[in-house]
Amino acid sequence: MTKVGFVSLGCPKNLVDSEVMMGILARGGYELTPRADEAEVLVVNTCSFIEAAQKESVDAILEMAEHKKFGAAKKLIVAGCLVERFRAQILEQVPEVDAVVGTGEVERILEAVEGDLRILPAQPPAFLYHDLTPRIVTTPKHAAYIKIAEGCDHPCTFCIIPELRGKFRSRRFESVVREAENLAKAGAREITLIGQDTTSYGEDLGLRDGLANLLEKLAQVDELLWVRFLYAYPNRVTQKLLDTLAAHLKLAKYMDMPLQHASRSVLARMKRGSNGDAFLKLLERMRATIPGVALRTSFIVGFPGETESDFEELCDFVKAAKLDWMGVFEYSDVDNAESFGLDEKVDAKTITDRRSRLMAIQRKISRENMRAKYLRTKTRRSQERTFTALVEGPSKDNPLVWEARLESMAPEIDGKLYLTDIELPNGYVADAGDVARVEITKADAYDLIGRVVEILPRPAARDNDFVAPPAVPPAEKLHRIATGAPLRGLARVILSTRRATCSMKHKCPICKVETDSAIHADFPFCSERCRERDLGNWASEKYVVSDPIFDEERITGSGRNTVILDLEKPNDREN
């Protein structure tokens, strides 16, 4: 059986495309592997939204191309957004590539792998998967994404999504509901709805209040704990939508709404419209309708024409808005975006400085918000000091600590809840996918520390005719090749956008002895002894050593599931 390996880059929407391609190939008789050295076919699903993403995609293609020279790979397929921009150039400039598959050609991955397709003429992407489309979900069993729409019709000048993904188009209402029900029957406790503009869901199908009605329907799925959605567009947030979120316990009290800026003049140049005052009124209405709602947004700094006065207006807005989560992106020119032709470009140093200044403001706000929300005085009743959390599993930083998320934390993009004790007095121990009541013991700007005080019963299994997707072997440790590139394993199986190997010599983070470049990023130490002394501080995602997050002198506890954790550390989850 031919083995296929995947590299998936970019956002959750791209991830779902990768999962669909894997499902199609698995149905076609191919075996999926997380090992680069045994994959006979490699598929790189690329991102091309901004310059940095484009560079990462090109680097990944070139790295995977080395497998055709030194590894088992016989074919290399490039898919995704980069293909929509550089379809012919990829084949011309990287001869190792055997075929390209655009975002609108996902369902034709089998033809590409079998050699029946090399390149198709560029056409506006129109593909949209449905509940019967084969898909291998690669996120942990208890959480999954559902793409409810594709493409975008908004004219934002900095964005090329309409070119990469095509016109906005919604999936059928019943198809989304069936997929959610199937995922819930397979063990999902949380569903996250995604699309370039989820708040426009159903408009192209003639549905009024499409997203609100969809959320209301999904709130009736018994097995689910939370349903959330990402990427709301400000002028599409209706009172009906807010009322729906407030009315149903299973709908996460969470709103992700990229605002991009607060200056009227910058928003006008972005072709976004509105202004900071209007946004503040919208945020006030959200908080009034949905008590305790967690709010997340993102901004772009350094957009062409952004003056110091515009930036100060943005800073004032952030101070007034007091958002829970915020990402700040540095503007980068994309040659076929409308903003590429705008004058009054801001220099790179100024852009970086503005991002740092804005994040410093938000860091203080986030810390104050976290402590006010979660560090409640012990004079209150015990029930008022505990919160419902979805247990994720052992931490990547230290196996003695487990990770979980609260309703206010979206997967991957927000902070984490570190659990220092997952064992109850009666001996029961929390497991990944469990829903628990936790007591928060410490809060910082991004993360929380707590302990499990109650494990809630799991939903009873229901008899049904749902057939779970084929099992995929868990990801093994990644192996580097001559270029230093891994075949990245996503979550627990095939893909990952977050791990890589060290590609150059570095020093052991503990004793500073020079370490061989072949040592994997998960183990950069010169010896096991140094690894034990490190206590999990190696930040493998950034390939740097952070200040200690585990204080060796404070590690205590009554058993194997207890540890004391200090959160005063640098944090890279600002985006």
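## Strands, sheets and a cavity

Ala 99 sits in strand β5 (residues 99-101). Strands here are DSSP runs of E with at least two residues, helices are runs of H or I with at least four, and both are numbered from the N terminus. This is a predicted model, in which local features need pLDDT of at least 70 and side-chain atom pairs count only at pLDDT 80 or more, while totals for chains, interfaces and linings use all residues. Residues are numbered from 1 along each chain as its sequence is written, and side-chain values use heavy atoms, with hydrogens and water left out.

Ala 99 is buried, with a relative accessible area of 0%. Buried means under 20% relative accessible area, exposed means over 50%, and partly exposed lies in between (1.4 Å probe, protein chains only). Ile 119 is 20 residues away from Ala 99 in sequence. In space, their C-alpha atoms are 6.0 Å apart.

**The open sheet**

Strands of a sheet pair through backbone hydrogen bonds, either parallel or antiparallel. In this model, three strands form an open sheet in the order β6-β9-β10, with parallel pairing. Two strands count as paired if DSSP finds at least two bridges between them. β6 (143-147) and β10 (226-229) stand at the edges, and each has a single partner strand, so one side of each is left without a neighbour in the sheet. From one strand to the next, the twist averages 20°. Such angles run from 0 to 180 degrees between N-to-C directions, and the axes are lines fitted to C-alpha atoms, for helices over the stretch in contact.

How many bridges join β6 to strand β9 (residues 190-194)? There are five. β9 and β10 pair over four bridges. The table lists some facing residues, including pairs from the barrel described below.

| Residue | Stands opposite or bridges to |
|---|---|
| Tyr 145 | Thr 192 in β9 |
| Ile 146 | Leu 193 in β9 |
| Leu 193 | Phe 229 in β10 |
| Val 391 | Ala 404 in β15 |

The edge strand β6 is mostly covered: five of its five residues are buried. On one side are Ala 143, Tyr 145 and Lys 147, and on the other Ala 144 and Ile 146. β10 is also covered on both faces. Trp 226 and Arg 228 are buried on one side, Val 227 and Phe 229 on the other.

**A loop residue**

Thr 198 lies in the loop between β9 and α8 (210-218). Is Thr 198 buried or exposed? Thr 198 counts as buried, because its relative accessibility is 0%. A polar atom of its side chain lies 3.3 Å from the backbone oxygen of Tyr 231.

**The barrel**

Five strands form a closed barrel, β14-β15-β16-β18-β17, with mixed pairing. Neighbouring strands of this sheet are turned by 55° against each other on average, direction ignored. Strand β14 (residues 386-394) pairs with strand β15 (residues 402-406) in the antiparallel sense, over five bridges.

**The second largest cavity**

A search of the whole structure finds two cavities of 30 Å³ or more. A cavity is a set of points on a 1 Å grid over the protein atoms alone, where a 1.4 Å probe fits but cannot get out; lining residues have an atom within 4 Å of a point. The second largest has a volume of about 50 Å³, volume being the space filled by probe spheres set on the points. Its lining includes Asp 324, Trp 325 and Ser 408. Helix α13 (residues 348-374) gives the most to this lining, with five residues. By class, the lining has three nonpolar, three polar and two charged residues.

Notes:
On a 1 Å grid over the protein atoms alone, a cavity is a set of points where a 1.4 Å probe fits but cannot get out, and a pocket is an open set with protein on both sides within 12 Å along at least five of seven lines; lining residues have an atom within 4 Å of a point. Ala, Val, Leu, Ile, Met, Phe, Trp, Tyr, Cys and Pro count as nonpolar, Asp, Glu, Lys and Arg as charged, and the others, Gly among them, as polar. A polar contact is a pair of N or O atoms within 3.5 Å; within protein, one must be able to donate a hydrogen and the other to accept it, and residues adjacent in sequence count only if both atoms are side-chain atoms.
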